[in-house]
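Student: I should like a close look at one part of this protein, set out as a single connected account. Please begin with the pairing of strands and proceed outward from there.

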Amino acid sequence: MRERLGERGVAVVVLVGLVALAIVPLVAMPAVRCEVFGAGCRERGPEPEVRADPVAAPGRPLTAVQAATRGSYAALGDSYSAGVGAEASVGDQNPLDRCHRTSKAYYNEVAKAFPFPKGSAFWACSGATTSDFLTGRHGEPPQLGRVGADTSLVTLSVGGNDVGFSKVLAGCVVKLPWSKSCTEQGNDIAGRMADLRRDLPDLIDKIHARAPHARIVLMGYPKAFSEVKGTGGDNLSVSEQQWLNARAYELGQLIRQTAAEADARIVARRGQGSVEFVDAYSAFAGHEVGSSDPYMNGLAVNLSALQAEPRSYHPTVNGQHALAGLFIEQIRKGPGRPVS
């Protein structure tokens, strides 16, 4: 090439090459041009946000309602959950149904208030005790066996039969005037309360073990008597009404404390689900037995058998509606802490 271009030509070619090496990066690479001449610079925007992989990111916690309704609903319990006293159809009075489940029990409203993709079932049984949950009653399988891993909501009332409230009421109603056989039952009640304080935590733990993701909602018992005046036909004085209401309150507090302790155990071991309490003591305020519009049945006597009928001192249709409202409110509110 030196022979063809001569010394001057070679020098020109080299010079052109060097200029090209200096200019091309400035034209082709804006960042270089910006640094050298301050030209062609664009204002830099904020650094792009680094987002986690949406697949790998942990899911959002379930709301209280989502946790309760992601699976199935099982309604367990005793006569207050079965709906005894709220008979509204011929089917509700079927003598072959020894558990006395009725169409107006609070379960029916709760089951309709929320969607349960895996269904709902009604297994409450009149007369059920904590031990009956484990062994069955009236030929039916144990209520404990009605819940499982897919159960997301359990509602129940239990404890009244363990304490023997039917027997207590009978001792108050069937007595001689001015006798003290009603309030003298206090020692027996205290002993049975102590037994329940031992048995109820075990039952709740067993339910949670079978349904570890479920919200378990226990109900206290409503105040039955108006405490205003003696109610006609049941031989109860005002002081005896007050005494009976106090025993119902004590039972409710026992259930409340047991539920709180069971829920604390779940939190301590970082488990899922919850144990909650619905306070029904004042649910019938102004509508107790003896009021003008009672939500609780008074004494009903089967004259042929000379015994109280099962609906005595059990919620009416309106009473069950009031209880349903309490459960629905609690399901929406939740336990006040994450449940998943």
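Student: Which residue in S2 is the bridge partner of Ala74?

Tutor: The bridge partner of Ala74 in S2 is Ala121. Before the surroundings of this pair are described, the basis of the values should be stated. The model is predicted, so local features need pLDDT of at least 70 and side-chain atom pairs count only at pLDDT 80 or more, whereas totals for chains, interfaces and linings use all residues. Residues are numbered from 1 along each chain as its sequence is written, and side-chain values use heavy atoms, with hydrogens and water left out.

The protein as a whole contains eleven helices and seven strands; these are DSSP runs numbered from the N terminus, helices being H or I of at least four residues and strands E of at least two. Of its 340 residues, 43% are buried, a term that means under 20% relative accessible area with a 1.4 Å probe and protein chains only. Where contacts have a separation of 6 or more, 72% of them join residues 24 or more positions apart; a contact here means heavy atoms within 4.5 Å.

Strand S1 occupies residues 72–75. Two of its residues, Ser72 and Ala74, point to one side, while Tyr73 and Ala75 point to the other, and all of these are buried. S1 pairs with strand S2, residues 120–122, in the parallel sense, and three bridges join them. Two strands are said to pair if DSSP finds at least two bridges between them. The bridge between Ala74 and Ala121 thus has Ala121 on the S2 side, and Ala74 itself is buried.

S1 also has S3 as a partner: the two run parallel and are joined by four bridges. Within this pairing, Ser72 of S1 has Thr151 as its bridge partner in S3. Strand S3 covers residues 151–156, and because six of its six residues are buried, S3 is largely enclosed by the rest of the structure. S3 in turn pairs with strand S4, residues 215–219, again in the parallel sense and over four bridges. One bridge of that kind links Leu156 to its partner in S4, Leu218. The path from strand to strand can therefore be followed through the parallel pairings of S2 with S1, S1 with S3 and S3 with S4.

The chain that follows S1 deserves separate attention. Gly77 is located in the loop that connects S1 to helix H4 (79–82). Its relative accessibility is 0%, which is why Gly77 counts as buried. When neighbours within four places in sequence are set aside, Gly77 has contacts with Ala124, Cys125, Ala128, Phe133, Gln143, Leu156 and Ser157. Among these is Leu156, the residue whose bridge partner in S4 is Leu218. Gly77 may also be compared with Val154: the two are 77 residues apart in sequence, and their C-alpha atoms are 9.8 Å apart in space.

From Leu218 the account passes to strand S5, residues 274–278, in which Val275 lies. With neighbours within four places in sequence left aside, Val275 is in contact with Leu218, and likewise with Ile204, Ile216, Ala259, Ala262, Asp263 and Ile266. Val275 has a relative accessibility of 5% and therefore counts as buried. One residue in its contact list, Ala262, is 13 residues from Val275 along the chain, with a C-alpha separation of 6.3 Å.

Helix H8 completes the picture. H8 spans residues 165–173, and its buried residues are Phe165, Val168, Leu169, Gly171, Cys172 and Val173. The cover over these buried residues includes helix H7 (160–163), helix H9 (186–210) and helix H10 (238–268).

To return to the starting point, Ala74 meets Ala121 of S2 through a bridge, and S1 is joined by four bridges to S3, the strand whose six residues are buried.

Technical notes. Buried < 20%, exposed > 50% of the residue type's maximum accessible area, 1.4 Å probe, protein only.
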